[in-house]
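Work through the exercises below with the sequence and the coordinates open side by side. Each task is followed by a solution that goes step by step.

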Amino acid sequence: MQKLRKLPRSFYDRDTIEVAHDILGKYLIHQDNGIERIGRIVEVEAYLGPHDLAAHASKGLTPRTKVMFGPPGHAYIYLIYGMYYCLNVVTQEEGHASAILLRALEPIQNTEGKTQGPGLLCKAMHIDKTLYGEDLLGDTLYLTYPKSAHSKDKTAIVIVSRPRVGVDYAGEEWAKKLLRFYIKDNPYVSKK
DNA sequence: CTCGGGATGCGT
DNA sequence: CGCATCCCGAGG
């Protein structure tokens, strides 16, 4: 596989909704004990800090949410329903506590099983709680610009905005906001 | 310490 | 719609 260029810290240190748009089409890479696993990001959701009642950060700074209150470009990983891990990337400046949930990937290399849905994505990429807080500018878990073949396609990407999935508990105001973004017509988007 | 519920996925 | 399965956060 050709050399892929890592996303810089400055990519994550921006408005969360802007990052959520720009992250579509980028590559997620896990260097998993000598096995390079790669997926192309096709679906995400934005969580906008402590005032967003659907966000875990609305619980405040706890042992679980700690990394979201830290600097951008780190991995926020949590266990959901006792059986699936979910991966987020922390955005904006330290203390802002916003993040983007990665919901679906298009398989590129060495993914194991289905990649549509946040839980399956982590399972396929072998991502678990041991990577909690991982610096995405390190050499284990990181994001890159796509290879040239897909870069050309970037101009053709159309982004669809929808309400987030499974956040009705947050109340109508936050549940109805269009903070789920995915690549139009991509077959790997979840819940088609 | 107990207890309730969850940013899911799958089968019915 | 039910359920698997367990961590986390709230409250006593």
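The exercises that follow concern a predicted model, and they move from the DNA contacts to the protein interior.

**Exercise 1. Determine which residues surround DNA strand C, and which atoms make the polar approaches.**

Step 1. Begin with the surroundings: DNA strand C has Thr62, Pro63, Arg64, Leu79, Tyr81, Gly82, Met83 and Lys129 around it.

Step 2. Turn to the DNA side, where sugar and phosphate make up 67% of the strand C atoms that come within 4 Å of the protein.

Step 3. Sort the protein side by class, which gives four nonpolar, two polar and two charged residues near DNA strand C.

Step 4. Look at the phosphate oxygens of DNA strand C: a polar side-chain atom of Thr62 lies 2.7 Å from one, and a polar side-chain atom of Lys129 lies 3.1 Å from a phosphate oxygen.

Step 5. Finish with the base: here a backbone N or O atom of Tyr81 lies 2.4 Å from a base oxygen of DNA strand C.

**Exercise 2. Place Gln92 and His126 in the fold, and decide for each whether it is buried, partly exposed or exposed.**

Step 1. Take the backbone of Gln92, whose phi is near 60 degrees, a positive value in a residue other than glycine.

Step 2. Locate Gln92 in the loop that runs between strand S4 (84-91) and strand S5 (98-109).

Step 3. Apply the cut-off: Gln92 has a relative accessibility of 12%, and because buried means under 20%, Gln92 counts as buried.

Step 4. Take His126, which is likewise not a glycine and has a positive phi of about 60 degrees; His126 belongs to the loop between helix H3 (118-125) and strand S6 (141-144).

Step 5. With a relative accessible area of 35%, His126 is partly exposed.

**Exercise 3. Describe how helix H3 is covered, and identify the strands against which its buried residues pack.**

Step 1. Count the buried positions: six of the eight residues of H3 are buried, so that the helix is mostly covered.

Step 2. Name them as Pro118, Gly119, Leu121, Cys122, Ala124 and Met125.

Step 3. Follow their contacts, which show the buried residues of H3 packing against strand S1 (27-32), strand S2 (35-47), S4 and S5.

Step 4. Continue past the helix, where His126 takes its positive phi of about 60 degrees just after H3.

**Exercise 4. Characterise the environment of Arg103.**

Step 1. Arg103 is found in strand S5, and with a relative accessible area of 5% it is buried.

Step 2. Beyond four places in sequence, Arg103 touches residues including Glu43, Glu45, Pro118, Leu121 and Arg180.

Step 3. For a polar partner, turn to Ser190, whose side chain makes a polar contact with the side chain of Arg103 at 3.4 Å.

**Exercise 5. Find the aromatic pairs and the charges that sit over rings.**

Step 1. A search of the whole structure yields three aromatic pairs.

Step 2. In the pair of Phe11 and Tyr12 the ring centres are 5.5 Å apart and the planes stand at 80 degrees, so the pair is edge-to-face.

Step 3. Both partners can then be placed by accessibility: Phe11 is buried at 7%, and Tyr12 is buried at 0%.

Step 4. Elsewhere, ring pairs link Tyr76, Tyr78 and Tyr132 into a cluster.

Step 5. As for the charges, Arg164 lies over the face of Tyr47 at 4.7 Å from the ring centre, while the charged end of Lys177 sits over the ring of Trp174, 4.8 Å from its centre.

Key. Residues numbered from 1 in each chain as written. Chains lettered and ligands numbered in written order. Predicted model: local features only at pLDDT ≥ 70, side-chain atom pairs only at ≥ 80, totals over all residues. Heavy atoms only, no water. Near = heavy atom within 4 Å. Polar contact = N/O pair within 3.5 Å; in protein donor to acceptor, adjacent residues only side chain to side chain. Nonpolar A, V, L, I, M, F, W, Y, C, P; charged D, E, K, R; others polar. Helix = DSSP H or I, 4+ residues; strand = E, 2+ residues; numbered from the N terminus. Buried < 20%, exposed > 50% of the residue type's maximum accessible area, 1.4 Å probe, protein only. Phe/Tyr/Trp six-rings, centres within 6.5 Å; stacked < 30°, edge-to-face > 60°. Lys NZ or Arg CZ within 6 Å of the ring centre and 35° of its normal. Contact = heavy atoms within 4.5 Å.
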